[in-house]
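The following exercises concern the interface between two chains. Each task is followed by a solution worked in steps.

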Amino acid sequence: MTTCKNCSFYFAVPEDAGDFEAGKGDCVLEREDAKGKYWLSKPTKNDSASCKAFKKA
Amino acid sequence: MSTVAASIKYNGKVVDFPLANPAENEIADEVLHENLARPTTERTKRLKARCRWKHAAAGEFVDAEVRAGIERMRYITEAHKASAGQPEVIRRALGLANILNKSTLVLQQDEFIIGYHAEDPEMFPLYPELAYMAVQDYLMSDYSPQPKDEAAEINEYWKKYSMQAKGERYFTQEELLQMYQVSTMEAPGFATGYNSISPPYETVLQDGLLKRIESAKEKIEHAKKEMQKIPWNATTGLDWIARIDVWKAMIIADEAVINWARRHARLAKIVAENFETNPARKEELLEIAEISQRVPAEPCKGLKDAFQSKWYTYLICHAIDRYASGYAQKEDEMLEPYYNISVKEKSFQPMTHTDVVEMVEMERLKISEHGAGKSRAYREIFPGSNDLFILTIGGTKPGYVDACSDMTDAILEGARNIRTTEPSIVFRWHPVGREKTKRLVFECIRDGLGYPSIKHDVIGTEQLKYYSQFSKNSNGATDEEAHYWGLVLCMSPGVCGRRKTHKTRSEGGGSIFPAKMMEIVLADGFDWSYSGMQLGPHTGDPTTFKTFELLWEAFRTQYAYAISKVIRAKDIMRYFESKFLQMPFVSSIDDGCMELGVDAMELSEQPNGWHNPITTVVAANSLVAVKKLIYDEKKYTMAQLVTALHANWHGYEDMRQDFLNAPKWGNDDDYADAIIKDFYEDIIGGEMAKITNYSGGPVLPVGQAVGLYMEIGSRTGPTPDGRFGGDAGDDGGISPYMGTDKKGPTAVLKSVSKVQKNQKANLLNQRLSVPIMRSVHGFNIWKSYMDAWEQLNIDHVQFNCVSTAEMKAAQKEPEKHQDLIVRVSGFSARFVDIPTYGQNTIIARNEQAFGADDLQYLNTQL
C-alpha cells in the first residue's frame, strides 16, 4: 500500500513546530481554475493511505 | 458625450460648471463608472480581475461556483462530542482548536495578505451550533455542503444544543411565529445566527498572542494561590473556579491560533521551495512565511505585519470561531504607528506610500472574496454585496484634535483606485479634519463608490460618554476611549481598542419595522396582507378612533410590544451566549476579560444598546396624511381609508392621489415635520429608551434600512402615504421616501435636523448630481454642504453619485457594467447584482442638484 510518506506532496511537520506530532505532515496540492492557481494544505499522517493525487516522491 | 450641468445665476454672476477633468467630456454618461478604476499596480489589477466575489442577489449567490464547505461544521462537531463533560468554556476553546488544527489552508496566486476561512476559496463555512434553520436552508439549496448526508447528520446533532433550541424555549409559539414573519420585527439572533463584533485588534498587534498567553498563565497562578489561602473563604474562593476555566480556555485558543498562522507560514515556504518558479514571487513567499511565523504570535514590527496580523484576527473573530458581519475597526489610527515605522522611519519592512496604497487595495480584495455563511434572509438584505463590511477613519483624538493621517489618505486612495463594493468606509467628520483628506473623501464619493459615508464626530464621541454612565462595573469608556470609536456595523458607533468593544449583536443590532406596524394598527393588530395572523396586541378598530391621538397611542402600543419582545430575545440570546457560546479567543485579546477572567460574551463594561427601526418614514408620512385628510380637513373618514387600503387603492385612485400628495418628510414643511419630529422622538426613540438591556443601559434607535426596505416593503400592504402594497419602504433611517424630497438638498437637511432627542443614529441617503459633483466647483459645493450638515448637528449622511442614464444602460446590458457601484443603504453594491426591484428603488431616488437658493443657504464660495 502506498502511503502519504512516499508522496511528493507530503511535507513532514518540523519538530520545532507548535503542532508537531510524530508522523504528522502537510499535504500541499496545487489547484488551478478559471480564476487562477492556488495551493491547499491539509494535515495528514505519513502512514495514511495515499489518495488519487499521489505522486511518487 | 458627458452631460455638463446648466449654468446658474448666483450672487449676481453666471456660474458655469465645466468638468474638472476635461478628458471626461468624451466619456458618455452611460459608461462613466467603467472608466474610473485605476488599480495602483499590475498585481492589484490582476487580483481584481480574478476576484472571487461572493455577491448575492435576491438571496442567491451570483457566481455559480460559490458553495458551503463542510470542514468547519465537521470539526466543531467532532470536538463537541469528544469534550463532553468538560467546562463549557473549555469545550468552546477545544472546538476552535480542532477547526484550526485540522482545516485545509488556502494560499492564492499573487496575494500578499494570506488566509481564508474555508477549505476552498469558493467556499464559506457554516455554523450549526447557532441556528439549525439557517443550515437546513443551505442543505436544501444548490450550495449545500458535501457530503450532504454528513452535513444533515451534523445539523441534526446540533438541534438540541443550538442557540436556536435554547432561545426558543422562552417564547410562546405565537411569539415565535410573530418574530419569524420578519415583517413587524426581525427574527431573533438565535434563529438566524446573524452577529456582529468589534474585535480588540490592538492587543494582538501591540502585544502578540504569546504575551497574552503569559498573562493568562500568570492569572491562573495567582488564582490558585488565592484559593490556597488559609482560612478558606468560599464566598470569594469559589469565584476563582470559573475564572481559571476562562483563562485556561484563552490559552488553548491562543496557542491554536498561533499554530494555525504558522501552518500558513509553512505553506508559503513549501510553495516557494517546491512549486513557484518566478524568483521574485519565490522571495515574496518566503517573506510571507517569515511574517506568518512572527504574527500574530509576536507584536507587529512593521506595516506588513500589521495587515497580516489584523487579517488573521479578523478571520477568527468573524468567520471561524463564529460568524459575525462587519469590519469594525478604527483602521487609520490602528495602523498609523506601523505606517510611520515602515514609510517614514523605514526601520522595518520599509516601503513607500504607494506600496501602502497597494496593501490597502489587496486588503480590500481579500474582503471582496470573503464569503459569509449567513442565512437566506440576510443574503436577501444585502443584494449586490458579499456581506456588511465597514471600517472607520478620520475623526478626532482627545481634545478634538484631528486624527487624520497619511494612513487615512492611503486607505482612501486605495479605495478610490481599486473600486470594490466592499469594505465600505465611514469617515468621521469634524471641522478640524484636514482638507487634504476631505478632498480624498470627496473623490471617492464623486466617483460613485457610495462611501465614505459620513458620521458626525462630536455626536458619536459624546454618545459613547453618555452610555458610559450606565456601565454595570462602573468602568465604561473614559473620555479618551470615547474618541477612539468606529462603527460596529453600518451606523452605530462603538468603542474600538483594547477593551470595552462590542462583542455580540445581542448588544446592538436587529430591526423593527414601523411601516408594517402602521398597517396592522389600522387592522387591530392583524396582518391581513401577508401572514394572515395577529402580529401584535389588539389595539382596537381604527374606525372608532375619534381623535388622531387615539391612532397615535395605538401605534405606540404596537411599537412598545414589538420592541420589548425583540430586545428580550436579544438578551435571552446573550444569556445563553455567556453559558454555551463563549469566545475564548476574543476574551484573550480583550484587556477587561483578561484582567477579570470573564468571557467576552458575559462581560459588559461599556453599554451600547441599540435597535434599528426601518421604514419609519413610510409610517411617519402615513400619520401626516391621516391627520391632515381625516382628522384636520375631514375630507375622508377612517372607514373610507381602511376600505381603500384593503383594495390596495384599486378603484380609489383620486383618493390615493390626495394621500400621496399630502405633505411629505424632507421638504422643510412645518406641518409634516412637526408630526414626524414627535414621532421619532416620542415613540420611535422614546419608547425604545424606556428599555434597559443586558448591559444596564437604555436602548436607542439606529435607523438604517440596509436592503430591508425592499424585503419589508414587499411584505407590507398599502399604507396611508399613498404607497401601494408591496412597494419598497423608505431607504434610509431618516431619509425622505424615494422621489418625495422635492425642495432641494438643503430642505432635506433642514427637515432632518429637527429630530434630535432620543436617537442614537439615523441614516440619511442622498443622491447628488453627477455633473455638479464632477465639475470644477464640485468639491467647494460638497464641502459647504458638509459644513452645513455638521453645524445642523445631523448624525449621518451618505451619497449616491451615479446617473440615471448609466443605471438604465446597466439594466439593458449588465455584462458591460461590472464596475458600476451604487449605495443601497449602509452598504455599497454592484448595481447589476441587485434585483431589478431594488435597482428601480435607487433610480427612483431624487438626484439632487444645487440651485442658487441652496448655494446661498450653504454660503458656498464659487
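**Exercise 1.** How many salt bridges does the rule find across the interface of chain A and chain B?

*Solution.* The model is predicted. Across this interface the rule finds 6 salt bridges. Consider next a pair by name: the side chains of A:Asp19 and B:Arg266 meet at 3.0 Å, N to O. The cut-off for a salt bridge is 4 Å, so this pair qualifies. Beyond salt bridges, 12 residue pairs, both members at pLDDT 80 or more, are in polar contact across the interface.

**Exercise 2.** Determine which elements of chain A supply the side that touches chain B, and describe that side by residue class.

*Solution.* Two or more residues come from each of strand S2 (24–33) and strand S3 (36–45) of chain A. The most is given by S3(A), with 8 residues. Sorted by class, this side of chain A has 10 nonpolar, 7 charged and 3 polar residues.

**Exercise 3.** State the extent of the interface in residues and in buried area.

*Solution.* Begin with the contacts: 20 residues of chain A touch 28 residues of chain B, with contact taken as heavy atoms within 4.5 Å. Turn then to area: the two chains bury about 2,100 Å² between them. Carbon and sulfur atoms account for 53% of that area.

**Exercise 4.** Which strand of chain B is joined to S3(A) by bridges, and do the two run parallel or antiparallel?

*Solution.* The partner is strand S6 (residues 105–108) of chain B, joined to S3(A) by 4 bridges. The two strands run antiparallel. In the pairing with S6(B), A:Ser41 stands opposite B:Leu105.

How values were computed
Residues numbered from 1 in each chain as written. Chains lettered and ligands numbered in written order. Predicted model: local features only at pLDDT ≥ 70, side-chain atom pairs only at ≥ 80, totals over all residues. Heavy atoms only, no water. Buried area = accessible area lost by both parts, 1.4 Å probe. Polar contact = N/O pair within 3.5 Å; in protein donor to acceptor, adjacent residues only side chain to side chain. Nonpolar A, V, L, I, M, F, W, Y, C, P; charged D, E, K, R; others polar. Pairing = 2+ DSSP bridges.
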